[in-house]
Amino acid sequence: MPPVGVGEVAARGGGGGGMVLGGGAAAAAVGGAEDAVVMQLAAGEGQDTVITINCPDQAGLGCDLCRTILEFGLRITRGADVSTDGQWCFVVFWVVPRSSSIKVRWASLKNRLMSMCPSSYPMSFYPEITQPGPSQFYLLKLFSSDRKGLLHDVTHILSELELIIQRVKVSTTPDGRVIDLFFVTDGMELLHTKERQEETCSMLIATLGPSISCEILLAEGFQQGFSSLPPTISEELFRMELADGDNCSRSLSAEMKRVQKATINFDNFLSPAHTLLQINCADQKGLLYDILRTMKDCSIQVTYGRFWSDKKGFREVDLFIKQADGKKVIDPEKQDGLSSRLRSEMLHPLRVMIVNRGPDVELLVANPVELSGKGRPRVFYDATFALKALGICIFSAEIGRQTASERQWEVYRFLLDDSNEFPLANSLVNRNRVVDRVRKTLLGCFN
């Protein structure tokens, strides 16, 4: 099916019954800015919420929208009538929370999506990519009794509050108490206010118990320093092509190896002005985001698209695309290059390893950073969730960035407790269990 006009697409958009957040008009061009994002909330648990976005277009907007939806803990079950022509964007997403434990702030999500919609037509569809401005860092101090899973429980609350963890320092006192220092940024940019700070501490105390003490300070002079990985570990973790013998791939379970497959085809006959890119692969968390961030970083414009999942857990994606110069992707070398990049980003969006750090054991998780400077959302949340499920305590955690393989990576380092209940120092089986569980959680096999 070739690309169609916005008017025809809008006529086909829609969904079932439910509460609507946003204006009643389908076209933001007619209504005000409040009509740019319309949410039709699910009528019941387990049903889809329909998000319609109708606003001026800009380079990489689809990628940014998917990233924000992923950040709020939502899964895109279906996307229809994705129509972008460099001037106007019309998108319909069907979404559901990935877990019943995720409490979605729908009004906040709507505001975030609206803030991403351009207010006017872009002068050029491919402007120079600029780095985002620096965010203000805050120090959240927590003093509490130690217990397994505490770090993830705090992370869960901070995630609901749209606070993004940049670094964590954990220390234990002789009497078994724990001091947690979280360096965070605020997605709502309100943590400087007394009301926002009180909301944060009140939610932490209400959820974790009155024994928790909480304090929020401005982290003046905070430097997000990061100790680089040793060259041998860095080379293996960031290797572009992962072979079966690598640590990053040999610990995969049979189930995970099954999903590491994808079919990618290019069709230049169906449309006179666009190349049809067809992708068939196993569905996983963030798949659509990974596809669209690859398109964005490769300066490929997606003019029209549809994507859906079948009952066997595989996703089919049809995208009508053009190069930055407006031409079709006809050159076989360019097709091979884009196909290879897509396979790498879809099948290996995250790297997971366990290594020795002196006498201790360290879990490494890495993901590529977009050219715009944005990292992948919810990685810290999912990694701590997996470690909590395994009953493994985290001594310390840090997040930083490192350049390797001609690109920038975001690296998460977790120093793990080598306990008698779950020994890691000399147990390859347990190490592989950790890697497999973390990877499955990151890719959505566990909520």
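A salt bridge is taken here as a side-chain nitrogen of Lys or Arg within 4 Å of a carboxyl oxygen of Asp or Glu. By that criterion, a search of the whole structure, which is a predicted model, turns up 23 salt bridges. Several of them involve residues at helix contacts, and two such contacts are described below together with their ion pairs.

One contact brings together helix 4 (residues 150–160) and helix 11 (residues 379–389), whose axes lie 9 Å apart at an angle of about 150°. The crossing of this pair is left-handed. On the helix 4 side, the residues involved are Leu151, His152, Asp153, Thr155, His156 and Ser159, and they meet Phe380, Tyr381, Thr384, Phe385 and Lys388 of helix 11. Sorted by class, four of these residues are nonpolar, five are polar and two are charged.

Asp153 and Lys388 deserve a closer look, as their side chains form a salt bridge with an N to O distance of 2.5 Å. Because Lys388 belongs to helix 11 and Asp153 to helix 4, the pair ties together parts that are 235 residues apart in sequence. How do the two partners stand with respect to solvent, buried or exposed or in between? Lys388 is partly exposed, with a relative accessible area of 36%. Asp153 has a relative accessibility of 15%, and since buried means under 20%, Asp153 counts as buried.

The second contact involves helix 9 (residues 287–297) and helix 10 (residues 332–347), with axes that come within 9 Å and cross at roughly 145°. Here the crossing is right-handed. Helix 9 contributes Leu287, Asp290, Ile291, Arg293, Thr294, Met295 and Asp297, which meet Leu338, Arg341, Leu342, Glu345 and Met346 in helix 10. The contact is made up of six nonpolar, one polar and five charged residues.

Within helix 9, Arg293 forms a salt bridge with Asp290, and the closest N and O atoms are 3.0 Å apart. The two residues are three positions apart in the helix, so about one helical turn separates them. Both Arg293 and Asp290 are buried.

A further salt bridge joins the side chains of Glu410 and Arg401, at 3.4 Å from N to O. Glu410 is buried, with a relative accessible area of 9%, whereas Arg401 is partly exposed at 33%. Beyond single pairs, salt bridges that share partners link Asp290, Arg293, Arg341, Glu345, Arg376 and Arg407 into one network. Among these residues, Asp290 and Arg293 come from the helix 9 side of the contact with helix 10, while Arg341 and Glu345 come from the helix 10 side.

The backbone also offers two points to note. Most residues other than glycine have a negative phi. Which value does Glu162 take? Its phi is near 65°, a positive value in a residue other than glycine. Glu162 sits in the loop between helix 4 and strand 7 (163–172), and it counts as buried at 5% relative accessibility.

Arg378 likewise has a positive phi, near 65°, and is a residue other than glycine. Its place is in the loop between strand 15 (360–368) and helix 11. With a relative accessible area of 13%, Arg378 is buried.

Terms used:
Residues are numbered from 1 along each chain as its sequence is written. This is a predicted model: local features need pLDDT of at least 70, side-chain atom pairs count only at pLDDT 80 or more; totals for chains, interfaces and linings use all residues. Side-chain values use heavy atoms; hydrogens and water are left out. Axes are lines fitted to C-alpha atoms, for helices over the stretch in contact, and angles run from 0 to 180 degrees between N-to-C directions. Helices (H or I, at least four residues) and strands (E, at least two) are DSSP runs, numbered from the N terminus. A crossing is left-handed if the near helix is turned anticlockwise from the far one by less than a right angle, and right-handed if clockwise. Contact means heavy atoms within 4.5 Å. Ala, Val, Leu, Ile, Met, Phe, Trp, Tyr, Cys and Pro count as nonpolar, Asp, Glu, Lys and Arg as charged, and the others, Gly among them, as polar. Buried means under 20% relative accessible area, exposed over 50%, partly exposed in between (1.4 Å probe, protein chains only).
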